[in-house]
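Open the model in your viewer, keep the sequence panel beside it, and follow the stops below in order. At each one, make the selection first and read the description afterwards.

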Amino acid sequence: MIEAELKAHVRDPAVVRERLDRLAAGRDEVYRDTYFDTPGAHLEAGDRELRLRTVVGPDGTRSLLTYKEARVDEASGSKPEYETDVGDPEAVRAVLNGLGCIEAIAFVKHCRNYEFIAYRRQMLATLVRVPEIDGTYVELETQVVGREELRDALGDVRAVLAGLGIGEGDLTTELYTDAVRARRS
């Protein structure tokens with residue numbers, strides 16, 4: 001599956017939140033993300049990601065292991081994504097370390113998630129605050145099977161963002177990992 005996703009800076013978080021609240025019930029969650037790489041940063045150099053995420057929310061705590069391949073669309077940063085639930089995140093951490101992966105960076109994201117249907121697609125909108133980075137972001141994604149669907153899906157994502165008051169000039173492909181690293185240095 002390819003994650004057809006756009007991310008944007010939010011100029012007025014209260015307005016965007018109000019508009020999202022009209023589309024779906026929001027769910028507040030805290031993500032604790034740890035990104036792994038080889039000692040030589042081969043994953044990052046290849047535009048790939050390996051992440052262990054623990055999500056704490058109203059329904060409890062769950063963990064996910066995610067691998068993202070290199071971008072298939074430079075303008076959006078959309079990537080093929082493979083994700084699975086993890087029953088024991090410490091065991092996964094030990095496996096990754098045993099395979100030679102190291103923890104490249106870890107940080108926390110405060111998220112409010114909204115799931116809804118738009119343009120006959122399942123959408124996930126997430127308002128994001130990373131304490132180490134100034135501002136609020138919105139991520140809007142839908143999943144597609146192949147690259148041939150990506151352009152249309154991104155068009156639908158753009159249309160939903162426009163309805164939220166997010167313009168093309170607000171879009172960004174900057175990764176949270178890069179922004180957190182820059183802030184820490």
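Begin by selecting Glu-139, which counts as buried because its relative accessibility is 10%, below the 20% under which a residue is called buried. Bear in mind, here and at every later stop, that you are looking at a predicted model. Glu-139 lies in strand 8, which covers residues 136–144. Now add Tyr-176 to the selection and show both side chains, since they are joined by a polar contact of 2.7 Å.

Widen the view around Glu-139, and you will find that, apart from neighbours within four places in sequence, its contacts include Glu-5, Leu-6 and Lys-7, as well as Leu-124, Ala-125, Thr-126 and Val-128. Lys-109 is also among the contacts of Glu-139. If you then draw a distance from the C-alpha of Glu-139 to that of Ala-25, the value is 16 Å, although 114 residues separate the two in sequence.

Keep Lys-109 displayed, as it leads to the next stop: it is also in contact with Arg-53. Select Arg-53, which you will find in strand 3, made of residues 49–57. Is Arg-53 buried or exposed? Arg-53 is buried, with a relative accessible area of 10%. Show the side chain of Asp-33 next, and look for the polar contact of 2.7 Å that links it to the side chain of Arg-53. Beyond its neighbours within four places in sequence, Arg-53 also touches other residues, among them Tyr-31, Arg-32, Arg-62, Ser-63 and Leu-64.

Move on to helix 4 by selecting residues 147–163, a run of 17 residues. From its first C-alpha to its last, helix 4 reaches 25 Å, which is close to the 24 Å expected at 1.5 Å a residue. Colour Leu-150, Ala-153, Leu-154, Asp-156, Val-157, Val-160 and Leu-161 within helix 4, for these residues are buried. What do the buried residues of helix 4 pack against? They pack against strand 1 (2–10), strand 6 (102–118), strand 7 (121–129), strand 8 and strand 9 (171–172), and strand 8 is where you found Glu-139 earlier. Just after helix 4, pause at Gly-165, which takes a positive phi of about 90°.

For the last stop, select two cysteines, Cys-101 and Cys-111. Cys-101 counts as buried at 13% relative accessibility, and Cys-111 is buried too, with a relative accessible area of 4%. The structure holds 0 disulfides.

Notes:
Residues numbered from 1 in each chain as written. Predicted model: local features only at pLDDT ≥ 70, side-chain atom pairs only at ≥ 80, totals over all residues. Heavy atoms only, no water. Helix = DSSP H or I, 4+ residues; strand = E, 2+ residues; numbered from the N terminus. Buried < 20%, exposed > 50% of the residue type's maximum accessible area, 1.4 Å probe, protein only. Polar contact = N/O pair within 3.5 Å; in protein donor to acceptor, adjacent residues only side chain to side chain. Contact = heavy atoms within 4.5 Å. Disulfide = S-S within 2.5 Å. Expected span 1.5 Å × (residues − 1).
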